[in-house]
Amino acid sequence: MRWDALFDDLAAQLAAAERAELADAVADLTRAEHATVSLVERLRGTEGVVTLELRDGSRVTGEVRDVATDWVLMEEQQRQHLVPSAAVAAVTGLGRFARPATSGRAERLGLGHVLRALMRDRRPVQVRVHTAAYPGWISRVGKDHVDLEVSPGARHGTRSVPYAALLCVSDSWPGGAAR
């Protein structure tokens with residue numbers, strides 16, 4: 001009988017050690033998996049409202065509509081905000097899950113591509129930088145900057161903003177005049 005108890009005890013210790021080893025392996029694999037997940041993939045996997053805290057301390061709150069490596073498109077009520085990824089200082093409301101890109105479409109679209117689409121659509125926008133917010137129309141999109149007209153067709157008063165200074169490009173409130 002003493003032998004049976006001894007063997008039962010050894011078997012229980014071995015089973016406990018195997019469970020602990022398995023738990024450690026799962027924890028290691030989970031940490032390794034988390035290390036491969038990007039913020040963009042987490043934003044893509046988040047449903048509901050999130051808040052992007054920008055480098056200047058301002059915030060953009062809304063639902064994530066689209067995400068690429070270089071930018072995040074947010075929707076707040078009926079207004080959309082294009083936020084360069086480099087302008088994001090922190091995110092609150094981020095979900096636990098990640099979703100990789102399902103197609104390369106958005107991933108191939110850099111910030112310049114999206115700004116050129118806004119220019120093509122002739123939508124009034126508000127361009128926010130660290131020091132101010134400038135209303136106007138995008139008149140030209142360069143390799144590393146965007147030109148903003150203060151009024152449609154204005155030759156004077158055009159402001160050039162480097163991509164590095166952009167915090168957010170928002171469409172004007174619904175009902176704003178298109179040109």
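## A contact between two threonines

The side chains of Thr51 and Thr61 are joined by a polar contact of 3.0 Å, in what is a predicted model. Thr51 belongs to strand β1, which covers residues 49-54, and because its relative accessibility is 14%, below the 20% limit for a buried residue, Thr51 counts as buried.

Which residues does Thr51 touch, if those up to four places away in sequence are not counted? Thr61 is one of them, together with Arg59 and Val60, and the list is completed by Ala90, Val91 and Thr92.

## The sheet around strand β1

Strand β1 is part of an open sheet of 10 strands, in which the pairing is antiparallel and the order reads β5-β1-β2-β3-β4-β10-β6-β7-β8-β9. At the two edges stand β5, made of residues 88-92, and β9, made of residues 159-162, each of which pairs on one side only. When direction is ignored, neighbouring strands of this sheet are turned against each other by 40° on average.

In this order β1 stands between β5 and β2, and Ala90, Val91 and Thr92, which Thr51 touches, fall within the residue range 88-92 of the edge strand β5.

## Where β4 meets β10

Further along the order, strand β4 (residues 79-84) and strand β10 (residues 168-171) pair in the antiparallel sense, and this pairing rests on 2 bridges. Within it, Leu82 stands opposite Val169 of β10.

Helix α4, formed by residues 111-121, packs on the sheet, where it touches β3 (71-76), β4, β7 (133-141), β8 (145-149) and β10. The direction of helix α4 makes about 100° with that of β7.

## Strand β6 between its two partners

Is strand β6, residues 124-128, largely enclosed or largely open? Because 4 of its 5 residues are buried, strand β6 is largely enclosed by the rest of the structure.

On one side β6 is paired with β10 in the antiparallel sense over 4 bridges, and in this pairing Arg128 stands opposite Cys168 of β10. The other partner is β7, which runs antiparallel to β6 and is joined to it by 5 bridges; here Val125 has Gly136 of β7 as its bridge partner. β6 and β7 also form a hairpin, with 4 residues between the two strands.

Terms used
Residues are numbered from 1 along each chain as its sequence is written. This is a predicted model: local features need pLDDT of at least 70, side-chain atom pairs count only at pLDDT 80 or more; totals for chains, interfaces and linings use all residues. Side-chain values use heavy atoms; hydrogens and water are left out. Two strands pair if DSSP finds at least two bridges between them. Axes are lines fitted to C-alpha atoms, for helices over the stretch in contact, and angles run from 0 to 180 degrees between N-to-C directions. Contact means heavy atoms within 4.5 Å. Buried means under 20% relative accessible area, exposed over 50%, partly exposed in between (1.4 Å probe, protein chains only). A polar contact is a pair of N or O atoms within 3.5 Å; within protein, one must be able to donate a hydrogen and the other to accept it, and residues adjacent in sequence count only if both atoms are side-chain atoms.
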